Amino acid sequence: MLVDCHAHLDPFSDGDVSQILDRAHAAGVGAVISAGTTVESSARSVELSARFPALFSGVGIHPMDIREPFDDSAAERLRSLATSTAKVVVFSEIGLDFMEGAPDRAVQYDAFRQQIRLARDLKLPIVFHSRESHDEVIRVLREERAYEVGGAMHYFQADAPTARKAIDLGFYISLARPLLRLPHLQEVAAGLPLESIVLESDAAPQPFKSKRESWTEPRHVKTVAVKLAELHARPVEEIVEVTTANVRALLGERWEAVETYVSSRSATRADSGP
Ligand SMILES: [Zn+2]
């Protein structure tokens, strides 16, 4: 079984999520971790995860969505969501984004730091976002002792030294579909130890793509695994085994929920789902 470590399924309808998870299952992707981007989307993600055995959730506010300072009420709402069910297995999606037009940096730093503290307090691994901000993200993670909970650098597209810094800090490198087309990323991935890699889709609605079939979905994690197998000259079965063992290590005691719900899926399959 493969695990999609990071997707955004909360914008989809329940019916769509059901079909997306069926297609993932058919491709060998047995568990999907959906990340929140705001308090509301985290709540929706947690609600969906309660409905589908193969779906798990993160909670968190994305740096591109920090339009107002992170306050106590946001912290309390995220905390109560995170503790409402065993299906919340990570704190995500949080981080820094220095792209032009991104929210005020002081507000981003504060939200990132406060959410790392919350994740540590809740003992939830962190799946983080970094765009044009890698050194600062690594610095803040170190200063806030995020290595105590670990996690993954999501949608990794950076260079080898950046991967090394993240790994040395106790984080996994999460690879997605860009691995299929970016030569520099293929080179970096070929040099990474398999023991440091997890896989994801970062799936979200893509209405700008004319064909619905070409939207990225959790099922595409399989194609990333196939590419990684080719780059490491290993059988794809080994990639499946190692990356899933990595997710297990990343989640620590939170993995128990994955095991429980994924095995219950086949039992309840016939009468489950909307
Ligand atoms: Zn994402």
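Strand β7 (171-175) is mostly covered, since five of its five residues are buried. A residue is called buried if 20 or more other C-beta atoms lie within 10 Å of its own, exposed if 12 or fewer, and partly exposed in between, with C-beta atoms placed from the backbone. Strands (E, at least two residues) and helices (H or I, at least four) are DSSP runs, numbered from the N terminus. β7 runs parallel to strand β6 (residues 151-153), and three bridges join the two. Within this pair, Met-153 has Ile-173 of β7 as its bridge partner.

The description rests on a predicted model, in which local features need a pLDDT of at least 70, side-chain atom pairs count only at pLDDT 80 or more, and totals for chains, interfaces and linings use all residues. Residues are numbered from 1 along each chain as its sequence is written. The pLDDT is the predictor's confidence in each residue, from 0 to 100. For the protein chain its mean is 96, and 97% of the residues reach 70 or more. Residues 270-274 have a pLDDT below 50, and this stretch has five contacts in the model beyond near neighbours in sequence. A contact means that the C-beta atoms of two residues, placed from the backbone, lie within 7 Å.

## The sheet

β7 belongs to an open sheet of eight strands with parallel pairing, in the order β1-β2-β3-β4-β5-β6-β7-β8. Two strands are taken to pair if DSSP finds at least two bridges between them. β1 (2-7) and β8 (197-199) stand at the edges with a single partner strand each, so one side of each has no neighbour in the sheet. From one strand to the next, the twist averages 30°. Strands of a sheet pair through backbone hydrogen bonds, either parallel or antiparallel.

Further pairings can be followed residue by residue. Strand β2 (residues 29-34) and strand β3 (residues 55-59) run parallel and are joined by three bridges; Ser-34 has Ser-57 of β3 as its bridge partner. Helix α2 (residues 39-51) packs on the sheet, where it touches β2, β3 and β4 (88-97), and its direction makes about 160° with that of β3. Such angles run from 0 to 180 degrees between N-to-C directions, with axes fitted to C-alpha atoms, for helices over the stretch in contact.

β4 and β5 pair in the parallel sense over five bridges, and Gly-95 stands opposite His-129 in β5. Strand β5 (residues 126-131) is mostly covered, with five of its six residues buried.

## The nonpolar core

A nonpolar core is a set of buried Ala, Val, Leu, Ile, Met, Phe, Trp, Tyr and Cys residues joined through C-beta atoms within 7 Å. The largest one has 79 residues, and those with the most contacts inside it are Leu-9, Val-32, Ile-126, Ala-152, Ile-173 and Leu-175. β4 gives the most to this core, with six residues. Leaving aside residues up to four places away in sequence, Leu-175 touches Phe-156, Ala-189, Ile-197, Leu-199, Val-224 and Leu-228.

Val-224 and Leu-228 are among the buried residues of α8, which also include Val-221, Lys-222, Ala-225 and Lys-227. These buried residues pack against β1, β2, β7, α7 (183-191), β8 and α9 (236-251). Helix α8 (residues 221-232) has 12 residues and should span 16 Å at 1.5 Å a residue; its end C-alpha atoms are 16 Å apart, which agrees. The expected span is 1.5 Å times one less than the number of residues.

## Backbone exceptions

Most residues other than glycine have a negative phi, and most peptide bonds are trans. The following residues have a positive phi.

| Residue | Phi | Place |
|---|---|---|
| Tyr-155 | about 50° | loop between β6 and α6 (160-168) |
| Asp-202 | about 55° | loop between β8 and α8 |
| Ala-233 | near 50° | follows α8 |

Tyr-155 counts as buried because it has 20 C-beta neighbours inside 10 Å. Asp-202 also counts as buried, with 21 such neighbours inside 10 Å. In addition, the peptide bond from Ser-92 to Glu-93 is cis, with omega near 20°; Glu-93 is found in strand β4.

## A residue in helix α10

Glu-256 lies in helix α10 (residues 255-268). With 13 C-beta neighbours inside 10 Å, Glu-256 counts as partly exposed. Glu-256 and Thr-37 are 219 residues apart along the chain, and their C-alpha atoms are separated by 25 Å.
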